[in-house]
Amino acid sequence: VKHMAATQDVKGKGEGGDQNFDYMFKLLIIGNSSVGKTSFLFRYADDAFTSAFVSTVGIDFKVKTVYKNDKRIKLQIWDTAGQERYRTITTAYYRGAMGFILMYDITNEESFGAVQDWSTQIKTYSWDNAQVVLAGNKCDMEEERVVSVDSGRLLAEQLGFEFFETSAKDNINVKQTFERLVDLICEKMSESLDTDPAVTTGAPTAKLTDSAPPLQQPGCNC
């Protein structure tokens with residue numbers, strides 16, 4: 001069994017390095033250049049959006065902490081460059097990634113056509129049990145749409161991925177995409193690891209939150 005365990009903490013942008021977490025999940029956002037990967041990450045991590053496009057050079061990451069069933073999960077989210085010339089650099093980061101958001105732009109047929117190739121990259125360079133969510137970004141640009149919702153959903157089904165249409169600009173399904181990916185990872189951990197079950201037990205539909213669980217009352221024997 002290839003282990004999906006918490007990794008050592010690293011300092012990321014926006015949050016200092018510390019050891020106060022139960023699990024760390026390494027996530028990657030991949031896809032063609034200009035589909036909105038960086039904007040998507042900034043919307044989730046910082047709740048900010050800018051329309052100014054600056055192509056990511058190599059790879060960058062942010063850290064965000066969420067809570068599930070009173071466990072603290074630190075997400076180390078890598079934003080990868082989409083250009084071919086960076087492919088050797090970015091695929092080196094696939095190893096150890098527990099989850100991928102594979103993104104295309106609903107207004108760009110070429111980016112959708114590249115999804116199959118990106119899927120192959122995941123299968124080639126990552127763990128067999130890495131979880132993947134397919135995201136059709138820029139769904140706010142309905143008048144410029146060239147990829148239908150049904151086409152995206154059908155491809156996701158064929159590849160065995162979950163599917164969302166998203167908009168970093170209008171903040172549509174950004175948080176939901178990350179939350180679903182984390183849920184999928186937790187479900188896979190519960191299936192494949194003989195590990196601390198605290199993250200994956202309890203209420204099966206427990207929601208991820210951005211705030212810490214309440215402090216236990218004095219005298220609690222939990």
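A salt bridge here is a side-chain nitrogen of Lys or Arg within 4 Å of a carboxyl oxygen of Asp or Glu. With that rule in hand, let's work through some exercises.

The model is predicted, so local features need pLDDT of at least 70 and side-chain atom pairs count only at pLDDT 80 or more, while totals for chains, interfaces and linings use all residues. Residues are numbered from 1 along each chain as its sequence is written, and side-chain values use heavy atoms, with hydrogens and water left out.

**Exercise 1. Salt bridges**

Task: Find how E191 and K188 meet, and where both lie.

Solution:
- Step 1. The side chains of E191 and K188 form a salt bridge, at 3.6 Å from N to O.
- Step 2. Both residues belong to helix α6 and sit 3 residues apart, about one turn of the helix. Helices (H or I, at least four residues) and strands (E, at least two) are DSSP runs, numbered from the N terminus.
- Step 3. For accessibility, buried means under 20% relative accessible area, exposed over 50%, and partly exposed in between (1.4 Å probe, protein chains only). E191, at 61%, counts as exposed, and K188, at 23%, as partly exposed.
- Step 4. Elsewhere, E142, R145 and E165 are joined into one network by salt bridges that share partners.

Task: Work out which parts of the chain the salt bridge between D46 and K62 links.

Solution:
- Step 1. The closest N and O atoms of D46 and K62 are 2.9 Å apart.
- Step 2. D46 is in helix α1 and K62 in strand β2 (residues 59–68), so this pair, 16 residues apart, links distant parts of the chain.
- Step 3. D46 is partly exposed at 39% relative accessible area, whereas K62 is buried at 9%.
- Step 4. For the whole structure, the count of salt bridges is 11.

**Exercise 2. The buried side of α5**

Task: Decide where the buried residues of α5 lie around its axis.

Solution:
- Step 1. In helix α5 (residues 149–159), the buried residues are G152, L155, A156 and L159.
- Step 2. These residues lie on the same side of α5 because they cover an arc of only 100° around the axis. The arc is taken from the directions from the helix axis to the C-beta atoms.
- Step 3. On the face turned away from the buried side are the exposed residues D150, E157 and Q158.
- Step 4. Cover for the buried residues comes from elements including β4 (99–105), α4 (115–125) and β6 (162–165). Contact means heavy atoms within 4.5 Å.
- Step 5. After α5 comes G160, with a positive phi near 80°.

**Exercise 3. The nonpolar cores**

Task: Which residues have the most contacts inside the largest nonpolar core?

Solution:
- Step 1. A nonpolar core is a set of buried Ala, Val, Leu, Ile, Met, Phe, Trp, Tyr and Cys residues joined through side-chain atoms within 4.5 Å.
- Step 2. The largest has 27 residues, and F25, L75 and F178 have the most contacts inside it.
- Step 3. Two or more residues each come from β1 (23–31), α1 (37–46), β3, β4, β5 and α6 (174–192). The most come from α6, which gives 8 residues.
- Step 4. Another core, of 26 residues, lies apart from this one; among its members are V63, Y104, V115 and A156.
- Step 5. Leaving out residues up to four places away in sequence, L75 touches partners including F25, L27, Y44 and V182.

**Exercise 4. Two residues in their settings**

Task: Is T80 buried or exposed, and which backbone oxygen does its side chain reach?

Solution:
- Step 1. T80 is part of strand β3 (residues 71–80).
- Step 2. With 2% relative accessibility, T80 counts as buried.
- Step 3. The side chain of T80 reaches the backbone oxygen of I29 at 2.7 Å.

Task: How many residues apart in sequence are K138 and T107, and how many Å apart in space?

Solution:
- Step 1. K138 lies in the loop between β5 and α5.
- Step 2. K138 and T107 are 31 residues apart in sequence and 7.4 Å apart in space, C-alpha to C-alpha.
- Step 3. Among the residues that K138 touches, not counting those up to four places away in sequence, are S34, D105 and T166.

**Exercise 5. The whole chain**

Task: Give the order of the elements from the N terminus on.

Solution:
- Step 1. The chain has 6 helices and 6 strands.
- Step 2. The order is β-α-β-β-α-β-α-α-β-α-β-α.
- Step 3. Of the 222 residues in the chain, 48% are buried.

Notes: Polar contact = N/O pair within 3.5 Å; in protein donor to acceptor, adjacent residues only side chain to side chain.
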